[in-house]
Amino acid sequence: MTMPGSHEAADAADSFDPLRPLLTRVAYRMLGSVADAEDVVQDAFLRWLGTDRDAVREPAAFLRRTVTRLCLDQIKSARSQRETYVGPWLPDPLVEEEEEDDVTLPLMLALERLSPLERAAFLLHDVFGVEYDEVAGTIGRDPAATRQLAARARTHVRDARPRYKLEKQQGLEIANAFFAASRSGDMGALGALLAADVGMWADGGGKRPAAMGPVLGFDTVLKLHRSLAVLFGKYGSTLVHAGMINGLPGFVTREADGEFQTTALEIADGKVTAIYVVRNPDKLRHMH
């Protein structure tokens, strides 16, 4: 195989680079990992480099198909790694200035429970608006089977899609109030923000201290935050950024060990129903 020259590489990049953000979004939503998504997109570029590009009628469709297939291969190995993961697994946090679509963190967790083909069918059709015929060609199923996969996925993820869209400003106000109360140790103010059935999931990946399983219920979550507030008071926790994290209001902090941490809040009827904290440094590298 002859290596492409610099002119050919530049030509391939000219057609590929405008599509890179979209392809990265597809890969990230399939995999939940920023680094894996970037690797897959780079692999897709190398394949594009070796393709007879003049013969490709629709580069966007061709590359989306390439990326999806690479992701399906990747998911198989990711699943086995996930089985040995220490503590709760959460997707890499994305701090977004603008929401590109309505794939929030709870929806990404629901997608994790689907088969890889269900996930691909749902994301491509329902999120990225790809026609069923093209989705079918991408995942190697006929259109009828593809519709069935997407429908099954839709049923499974229905509860993870918010029925009422939270007004962004209200969400950010609650996130700011949560940060202030949790760091100052004002448990009265914090308790007023929490739903009775609130749950908390912390992903330390075995690399930083974090609860080894979900912390469920108002009293348990409040008790944990009472202990954490003592540590915050003693060692500090600095607000770096407040904004949307994976489609949920939240904030980025720098903790006493110098590492970043993200906290994302699921909110319903003005109360925090779920708290998602990512502490695993491997999942926060892209934020440095």
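Which residue in strand 7 is the bridge partner of Glu-266? The notes below reach that residue in point 3, after a word on the model.

1. This is a predicted model, in which local features need pLDDT of at least 70 and side-chain atom pairs count only at pLDDT 80 or more, while totals for chains, interfaces and linings use all residues. Residues are numbered from 1 along each chain as its sequence is written, and side-chain values use heavy atoms, with hydrogens and water left out.

2. The sheet is open and has 7 strands in the order 1-4-5-6-7-2-3, with mixed pairing; strands are DSSP runs of E with at least two residues, helices are runs of H or I with at least four, and both are numbered from the N terminus. Two strands pair if DSSP finds at least two bridges between them. Strand 1 (95-96) and strand 3 (215-216) stand at the edges with a single partner strand each, so one side of each is left without a neighbour in the sheet.

3. Strand 7 (residues 271-278) pairs in the antiparallel sense with strand 6 (residues 260-268) over 7 bridges, and here Ala-274 is the bridge partner of Glu-266. These two strands form a hairpin with 2 residues between them, and Asp-269 in the turn has a positive phi of about 50°. With strand 2 (residues 194-203), strand 7 pairs in the parallel sense over 6 bridges, and Ile-275 in strand 7 stands opposite Met-200.

4. Of the 8 residues of strand 7, 6 are buried (under 20% relative accessible area, with a 1.4 Å probe and protein chains only), so strand 7 is largely enclosed by the rest of the structure.

5. In helix 7 (residues 132-139), the buried residues are Tyr-132, Val-135, Ala-136, Thr-138 and Ile-139. Seen down the axis of helix 7, they fall within an arc of 160° (taken from the directions from the helix axis to the C-beta atoms), so they line one face of the helix. Gly-140, which follows helix 7, has a positive phi near 75°.

6. Helix 2 (residues 20-31) and helix 3 (residues 34-49) have axes that come within 8 Å and cross at roughly 130°, where axes are lines fitted to C-alpha atoms over the stretch in contact and angles run from 0 to 180 degrees between N-to-C directions. That makes helix 2 oblique to helix 3, a word for angles that are not under 35 degrees, over 145 or from 65 to 115. Among the residues that meet (contact means heavy atoms within 4.5 Å) are Leu-23 and Tyr-28 in helix 2 and Val-41 and Phe-45 in helix 3.

Definitions and conventions. Buried means under 20% relative accessible area, exposed over 50%, partly exposed in between (1.4 Å probe, protein chains only).
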